[in-house]
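Q: I am new to this structure. Could you show me how to read its main features?

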Amino acid sequence: GHIAATRFIRDQQTRQLDELTEVVLRRSEFAVDFATASLDELASRGLATCAPASLQAIRLHVYQRSAVKDVRLVNSDGSVICSAYSETLEFDKGWVDRADMLASRDSKLMLFRVEQFGGDALGVLRDIGDDKALVAILGINSSLFDIMPAELRAHGEVLLALKNGAQLGEFALDADKTLAHPIDFEKSSARYPLRAVIRIDRSVLSTWNSDVYWPAMAVALALGALFGVLLSRTRRMEGPVADLDRALARGEFKPYFQPIFDLHTGEIRGCEILARWLREDGTVVPPMNFIPLAESSGRIEAMTWQLLGRALADLQPHLKADKDFKLSFNVVPKHMLGAGFVETLRSTVAAARVSARQIVLEVTERDELDDLARAAAVVGELRDYGFRVAIDDVGVGHSGLSRLKGLGANTIKIDKFFVDTITVDASTTTIVEMLVALARDFHMTVVAEGVETEEQVRALISCGVEEGQGYLVAAPLPFAKFSELMVSRRAASAAAAPARDSALVA
Ligand SMILES: Nc1nc2c(ncn2[C@@H]2O[C@H](COP(=O)(O)O[C@H]3[C@@H](O)[C@H](n4cnc5c(=O)[nH]c(N)nc54)O[C@@H]3COP(=O)(O)O)[C@@H](O)[C@H]2O)c(=O)[nH]1
């Protein structure tokens, strides 16, 4: 009993600290994603210059994004040309050469430490062409420390570093206190050269959660097998994963609906459901704040079924009335390849009285489909039942061209990155044309993601893309708003029909 209880508590602590370290890392990755999106937006708005008007617009952009402290325009060697807040240059203790910056896995970003008086920061460099680059200066703040359970705060620290060892931040309740017997929980990012560490004094682990000991001992002695189950419930009572479990139990994850439209006519042909966490206090949490943890903690399966069930119930009347309308949902490869997935999907869709032909599974290309042969077999089975499969985020993920073909999907979704640059970068046009040609050869359709302007629509049409999704028509909307949009679009199109018909007759 004693051995089982002690070992259980140790495993429980290790798992919990591993999860917390993962959260620190995911938050940092998210900050880099956020910075990259900010830089892309600035570049696409033509603001990557030192003109006073550009710098003023950048300062407004920075002001509205608290994570980004500053934005600088630099030469291709990394040397600074100008800074949105020129006075911050005086806080720099140094500035690394580009040769010493570390590349992201996809080589599109360079990360480096910016040593500053008053606290180091993380520099994220993004090339923008013409031998220039933009750098976002990201403040690393003590919010990383917030995730520590209260009883560990005085006995631990959280560290964030680059893979070359350059430390970006170190947070401890008492910075002067040294940990007598430190034990490290460490995670490295697969996408960025980042490393998160939670360092805990070993001695606190013997008391942390020790109130679980006696119940564990009693249950272990008395009930044997039931022991594990009861204590794993205790384990789940605290921490970010417990928050997910509670939210799942309360049904707080809701589908938002984003239209997928015909680029030529603007007609809404379908929608993608995107998860939002509607908390009790009314806040709406975006998916990047919980999907990574849901994936790593194994909650993504339950969340996906919950979202799909809800979306099917909401959209059922519309799906029934318009048999060409398609409902797309995101599924992670691990879930799709898991036991019983196809059967559960069939029964969920059948129970909602919806045709499989109207359901599109979006499998993200960001995650590796390790076993392509197995993935292709599952896709084949899904297609045999009438479901459609789309490969998401094409162009920025793992799939080589052979993988795109080998999977046997129906549709490719071109990542927003290409849509953002299609009107400014001729090489993007070439890539999009190539993807369209490839899709035709493989009998696949193409949807462009992140369409925001009419100019992009024209450029996509001239590359041969038929369908799009993006803020130009609507952001992801709660069902009531999405319904209103469909009704108003249908009314507008019905009103335009007589004029169209008489023009045709004339
Ligand atoms: N496994 C699951 N992953 C999910 C689920 N729900 C969302 N996600 C993934 O989270 C990522 C972020 O999603 P979100 O914040 O909803 O962003 C999506 C759109 O809102 C956004 N978008 C669409 N159009 C535009 C645009 O015109 N401009 C602009 N700046 N952003 C736009 O792009 C995201 C599209 O997502 P996707 O098509 O899936 O790539 C995202 O990776 C989701 O996949 C879930 O239920 N399960």
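What follows is a short dialogue on the ligand shell, the salt bridges and the disulfide.

Q: What kind of model is this, and how are its residues numbered?
A: This is a predicted model. Residues are numbered from 1 along each chain.

Q: Which residues come nearest to the ligand?
A: Start with the residues that have a heavy atom within 4 Å of the ligand. There are 23 residues around the ligand here. Glu 272, Asp 393, Glu 449, Glu 452 and Tyr 471 come nearest.

Q: Which parts of the chain supply at least two residues each of the shell around the ligand?
A: Look for the helices and strands that the shell residues belong to. Strand S12 (268-278) is one such supplier, and so are helix H8 (300-321) and strand S16 (388-394). S12 gives the largest share, with four residues.

Q: How do the residues of the shell divide into nonpolar, polar and charged?
A: Sort each residue by its type. Eleven are nonpolar, four are polar and eight are charged.

Q: Where does an oxygen atom of the ligand lie 2.9 Å from a side chain?
A: Look for pairs of N or O atoms within 3.5 Å. One case is at Glu 272, where a polar side-chain atom lies 2.9 Å from a ligand oxygen. Another is at Arg 276, where an N or O atom of the side chain is 2.9 Å from an oxygen atom of the ligand.

Q: What does Ala 275 have 2.9 Å from a nitrogen atom of the ligand?
A: Here the backbone takes part. A polar backbone atom of Ala 275 is 2.9 Å from that ligand nitrogen.

Q: How much of the accessible area of the ligand does the protein cover?
A: Compare the ligand on its own with the ligand in place. On its own, the ligand has 820 Å² of accessible area. The protein covers 82% of that area.

Q: How many salt bridges are there?
A: Side chains of opposite charge can pair when their charged atoms come close. The cut-off is 4 Å between a side-chain nitrogen of Lys or Arg and a carboxyl oxygen of Asp or Glu. By this rule the count comes to 23 salt bridges.

Q: Which residue forms a salt bridge with Glu 280?
A: Arg 250 is the partner, with the closest N and O atoms 3.8 Å apart. Glu 280 lies in the loop between S12 and strand S13 (284-285), and Arg 250 in helix H6 (residues 240-250), so the pair ties together parts 30 residues apart in sequence. Arg 250 also forms a salt bridge with Glu 252, at 3.4 Å between the closest N and O atoms.

Q: Are these three residues buried or exposed?
A: Read the relative accessible area: under 20% is buried, over 50% is exposed. Glu 280 is exposed at 67%. Arg 250 is partly exposed at 47%. Glu 252 is buried at 8%.

Q: Why does the pair of Arg 269 and Glu 467 tie together parts that are 198 residues apart in sequence?
A: Their side chains meet in a salt bridge, 2.7 Å from N to O. Arg 269 lies in strand S12 and Glu 467 in strand S19 (residues 467-469), so the pair ties together those parts. Arg 269 is partly exposed at 33%, and Glu 467 is buried at 16%.

Q: Which residues are linked in a network of salt bridges?
A: The network links Glu 272, Glu 362, Lys 413 and Glu 449.

Q: Which cysteines form a disulfide?
A: Check the distance between sulfur atoms. Cys 50 and Cys 82 form a disulfide, with their sulfur atoms 2.0 Å apart. The torsion about the S-S bond is about -90 degrees, so the disulfide is left-handed. Cys 50 is partly exposed at 31%, whereas Cys 82 is buried at 13%.

How values were computed. Predicted model: local features only at pLDDT ≥ 70, side-chain atom pairs only at ≥ 80, totals over all residues. Heavy atoms only, no water. Polar contact = N/O pair within 3.5 Å; in protein donor to acceptor, adjacent residues only side chain to side chain. Areas by Shrake-Rupley, 256 points an atom, 1.4 Å probe, with all protein chains shown as cover. Nonpolar A, V, L, I, M, F, W, Y, C, P; charged D, E, K, R; others polar. Buried < 20%, exposed > 50% of the residue type's maximum accessible area, 1.4 Å probe, protein only. Disulfide = S-S within 2.5 Å.
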